[in-house]
Amino acid sequence: MTPMNFSWLEDFLALAASGNFSRAAEERHMTQPAFSRRVRALEEWVGTELFDRTSQPATLTPAGEWFRTSAHDLLARVARVPGEARAVAEAHSTTLRFAATHALSFTFMPGWLRALEQRTRVGPVSLVSDVLQRCEAMLLHSQVQFVLCHAHPQAPGELQAQDYPSVCVGNDVLVPVSAPGADGAARHSLSPASASAPVPILSYSPESGIGQILREVRGPALAHSATHNVFTAHLASVLRTMALDGRGIAWLPQTLIADDLASGRLVEAAPDGRIAVELRLFRDRAPLGQAGEEFWTAVCAG
């Protein structure tokens, strides 16, 4: 018997979702004959037909309905294997594996670790800096031990939704800012007294954690304001550059723009527009190894 290929499970699930061989083959980036052969090979490995091909669209047989759950479970288990293997291998490692959003990697994290080192041992640190969605995915697959990100109760992320252990390690404020005009006031403003022309907004992409918070907390109000999006990016640092260039209003972390506000290079652009946020550290549910557990205990102790 031909050994089972795990990619056949993804073929099976694609066909189970649509019942259409042509559409599923296109989704799996192959020709329909090649796709059909792979589905048939899976059925031969299982030992029974998984699809009723007499109906249009194709439907799952009773065995196929049972196998759909097994296919999901098998793929989920395979996705976890690399992270779990690393966790076993690193049970006695002193290296702490972090993922952090870009803004916090550059602003908050260095000083935070330095303060922790004054009261506990912090071993070597491996850091991946990325947008929130990919940081969350790395922890969900146990590719890192910790994720550091902005958080707000109105905009729970995937880790909060799945009740991953977390602790607040600091606070920040998202400040709506603009470059100043000749008079020192905001060049672009959401003040009721501002001009009626649409106000340019510098926006975050859907993958951005700060963007998620902004959409949940300020999205409805912005939707009813005279605004228009003129630029979208993943990174707060990119939006900061565009704001400094006078392109529009951006909600930026105070930890990132404290010097800009103090020097007047950026000024606040919306009355009562600030959003208070937490800086939250999430950890893997699985054991972290001795170094990781000692670090987590020290963080929780404040």
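Is D11 buried or exposed? D11 is buried, with a relative accessible area of 0%. Keep that residue in mind as you look through these close-up views of a predicted model.

**View 1. D11 and R28 form a salt bridge.**
Here the closest N and O atoms of the two residues are 2.6 Å apart. D11 belongs to helix 1 (residues 6-18), while R28 sits in the loop between helix 2 (21-27) and helix 3 (32-46), so the pair ties together parts that are 17 residues apart in sequence. The two partners can be told apart by their surroundings: R28 is partly exposed, at 21% relative accessible area, whereas D11 is buried, at 0%. If you widen the view a little, you can find a network of salt bridges that links E10, D11, R28 and R38. A search of the whole structure finds 14 salt bridges, and the next view shows two others.

**View 2. D260 pairs with R265, and R274 pairs with E268.**
In the salt bridge between D260 and R265, the closest N and O atoms are 2.8 Å apart. D260 is buried, with a relative accessible area of 2%, but R265 counts as partly exposed at 42%. Now turn to R274 and E268, where the closest N and O atoms of the salt bridge are 2.7 Å apart. R274 is partly exposed, with a relative accessible area of 37%, and E268 also counts as partly exposed, at 38%.

**View 3. D284 is buried yet has no salt bridge.**
You will find D284 in the loop between strand 11 and helix 12 (289-300). Which side chain of opposite charge is nearest to D284? That is R97, and it lies 6.2 Å away. A salt bridge needs the nitrogen and oxygen within 4 Å, so R97 does not make one with D284. D284 does have a polar contact, though: its side chain is joined to that of S142 at 2.9 Å.

**View 4. Strand 6 (residues 166-178) is mostly covered.**
Ten of the 13 residues in strand 6 are buried. Follow this strand and you will meet several pairing partners. Strand 11 (residues 275-283) runs antiparallel to strand 6, and eight bridges join the two; to see them side by side, look for D172 opposite V277. Strand 9 (residues 250-253) also pairs with strand 6 in the antiparallel sense, over four bridges, and there V177 has A250 as its bridge partner. Strand 10 (residues 267-268) pairs with strand 6 over two bridges, again antiparallel. In that pairing, look for S178 and its bridge partner V267.

**View 5. Helix 9 (residues 209-223) has a kink at V217.**
How many residues does helix 9 have? It has 15, and it reaches 19 Å from its first C-alpha to its last, close to the 21 Å expected. The kink at V217 is about 55° and lies shortly before the proline P220. At the N-terminal end, S208 acts as a cap: one of its side-chain oxygens lies 3.3 Å from the backbone nitrogen of I210. As you move along the helix, look for its buried residues, among them G209, I210, G211 and Q212, as well as V217 and L222.

Note on methods
Residues numbered from 1 in each chain as written. Predicted model: local features only at pLDDT ≥ 70, side-chain atom pairs only at ≥ 80, totals over all residues. Heavy atoms only, no water. Buried < 20%, exposed > 50% of the residue type's maximum accessible area, 1.4 Å probe, protein only. Pairing = 2+ DSSP bridges. Expected span 1.5 Å × (residues − 1). Bend = angle between axes of the 7 residues up to and from the residue. Polar contact = N/O pair within 3.5 Å; in protein donor to acceptor, adjacent residues only side chain to side chain. Lys, Arg positive; Asp, Glu negative; His and termini not counted.
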